[in-house]
Amino acid sequence: MHSIVVVNKPKDWNLHIPDVEVVSAKAYLTDSKYSEIRNARVYNLCQSYRYQGLGYYVSLLAEARGHRSIPNITTIQDLKSQSIIRIISDELDKLIQRSFARLKSSHFILNIYFGKHPSKVYENLSKQLYNLFQAPLLRAHFVYEDEKWQLQNISPLPIHQIPEHHKPHVLEFAYAYFAKKRIRAVNVSRPTYDLAILLNPDEKAPPSDKKAIKYFIEAAEEEGMRAKIITKNDYSRIPEFDALFIRETTAVNHHTYRFARRALAENIVVLDDPASIVKCANKVYMAELLKKANIPIPKTVIVHKGNTEELLQTLGLPCVLKQPDGSFSNGVVKVNDMVTLEDELEHFFSQSDLIIAQEFMPTDFDWRIGVLDKKPLYACKYYMAKDHWQIYDWHPGRRMKDGAHETIPIEKAPPKIVKIAQRAASLIGDGFYGVDIKQSGNNVMVIEINDNPSIEAGVEDLVLKEELYAQVMKYFLQRIKTKKE
């Protein structure tokens, strides 16, 4: 991939980095040869990113040309947002206070060079700020107010304002930065793309186990893609890749959503996309969406503090209460009596103003239909955990237990089940979803739609085997090629 450093004046860039072209902002914007380059990565080091200024247009036109711009327009807008800066200051509060604990002054300027700082004391803070505001050269201004340090503003750092004694460090950081970003050539005749797989190594019940991840990586390689494992600490690496595959449990107020949003802003293919995460994460939204689309669901009441009587009249007891953003049967309780109902409602209302209550529908198993790009991929029966009414049996301090499973060819699954799963998934998008369905006689009801369905070795892949992993990777490859055209 072609690496281009764009500056206001090339003479200001006195760092000699191999395989990196340095051009002026004016040349990048007006010389037609730069609009014709494909697969370029543009490092925008202009002195200012003010609206409709040269620096702003460099990132804007880079995106229009299909180039990767660092920073991109989303980051430029974030740098100007005081509300975002306040949120970031709060999120990093402990790290900020620890970093400046020994300072006696009332303000401090932190220069960040390619995500680093010459002093070890500020190394971690510099990395975190770069992860959140991805611009190669940054200046962060901190003030001491109300007995604590706070981030007041953050802005691009003009090259000519780098202190002389920092320049040897900047050269060292730049070498490491551009070496890491460079994509090496490989001896294959077909195009090679880079896929990031986001994992949480400490997650107790991840969507895919280690063996399944290994199969995904092998399938990616078969399709001409290099797959690499990343974690939540690799936020700054997202622009290095052509696609992002999130294989840890997603949530809106969570780094998985920020990764998905960042990938979308970088015009990178992503599963799960941020819109799907938002839609599937909240069961209140899901119930309303399915009801409006006339897709059958269990009797449902959206509960608030003033309609408990409606819950009892519509559903009776026992019933099921659901935390709006729970996952893997977590945050779901069965209520058998009034005392338990009142206790559980009080607990749920402490976390959300609205909760979901549904009729209790005992079945031996739940269907899960995997849907990829609006097409059915696999069909599984998940049986209830032993002596329990759910697939997963959670006990604090003990290992989670789950029930047996049965995977069948999609063509042998009941057509009614498959059809309703496709309809439900299409309401969310054209990504990868797992639709959970209960069947009682001829009654078929959608329980929920998962934006991050499980793919575990020996479970969902029992019928398709390696073809399941291949289908997912072919989806990525097709989407990547479409974006590159």
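A search of the whole structure, which is a predicted model, finds 19 aromatic pairs. The rings of Phe 100 and Phe 108 make up one such pair, and because their planes stand at 50° with the centres 5.2 Å apart, the pair is tilted. The structure also holds 14 salt bridges, and selected contacts of both kinds are set out below by topic.

**Aromatic contacts**

- Both members of the tilted pair, Phe 100 and Phe 108, are buried, and these two residues belong to one aromatic cluster together with Tyr 122, Phe 142, Tyr 144 and Trp 149.
- Phe 216 and Phe 245 form an aromatic pair of the edge-to-face kind, with 5.0 Å from centre to centre and 85° between the planes.
- Because Phe 216 lies in helix 9 (residues 210-222) and Phe 245 in strand 10 (residues 243-246), this pair ties together parts that are 29 residues apart in sequence.
- Phe 216 has 0% relative accessibility and therefore counts as buried, and Phe 245, also at 0% relative accessibility, counts as buried too.

**A charge over a ring**

- The ring of Tyr 28 has the charged end of Arg 65 sitting over it, at 4.6 Å from the ring centre.

**Salt bridges between distant parts of the chain**

- Asp 93 and Lys 148 form a salt bridge in which the closest N and O atoms are 3.0 Å apart.
- This bridge links distant parts of the chain, since Asp 93 is in helix 6 (residues 93-99) and Lys 148 is in strand 7 (residues 148-156), 55 residues apart.
- Lys 148 has a relative accessible area of 29%, so this residue is partly exposed.
- Asp 366 forms a salt bridge with Lys 438, where the closest N and O atoms are 2.7 Å apart.
- Here too the pair links distant parts of the chain, with Asp 366 in strand 16 (residues 365-372) and Lys 438 in strand 21 (residues 432-440), 72 residues apart.
- Asp 366, with a relative accessible area of 9%, is buried, and Lys 438, with a relative accessible area of 11%, is likewise buried.
- Asp 373, Lys 375, Asp 430 and Arg 479 are joined into one network by salt bridges that share partners.

**A further salt bridge**

- Glu 164 forms a salt bridge with Lys 167, and the closest N and O atoms of this pair are 3.3 Å apart.
- Glu 164 is exposed, with a relative accessible area of 59%, whereas Lys 167, at 26% relative accessibility, counts as partly exposed.

Definitions and conventions. Residues numbered from 1 in each chain as written. Predicted model: local features only at pLDDT ≥ 70, side-chain atom pairs only at ≥ 80, totals over all residues. Heavy atoms only, no water. Phe/Tyr/Trp six-rings, centres within 6.5 Å; stacked < 30°, edge-to-face > 60°. Buried < 20%, exposed > 50% of the residue type's maximum accessible area, 1.4 Å probe, protein only. Helix = DSSP H or I, 4+ residues; strand = E, 2+ residues; numbered from the N terminus. Lys NZ or Arg CZ within 6 Å of the ring centre and 35° of its normal. Salt bridge = Lys/Arg side-chain N within 4 Å of Asp/Glu carboxyl O.
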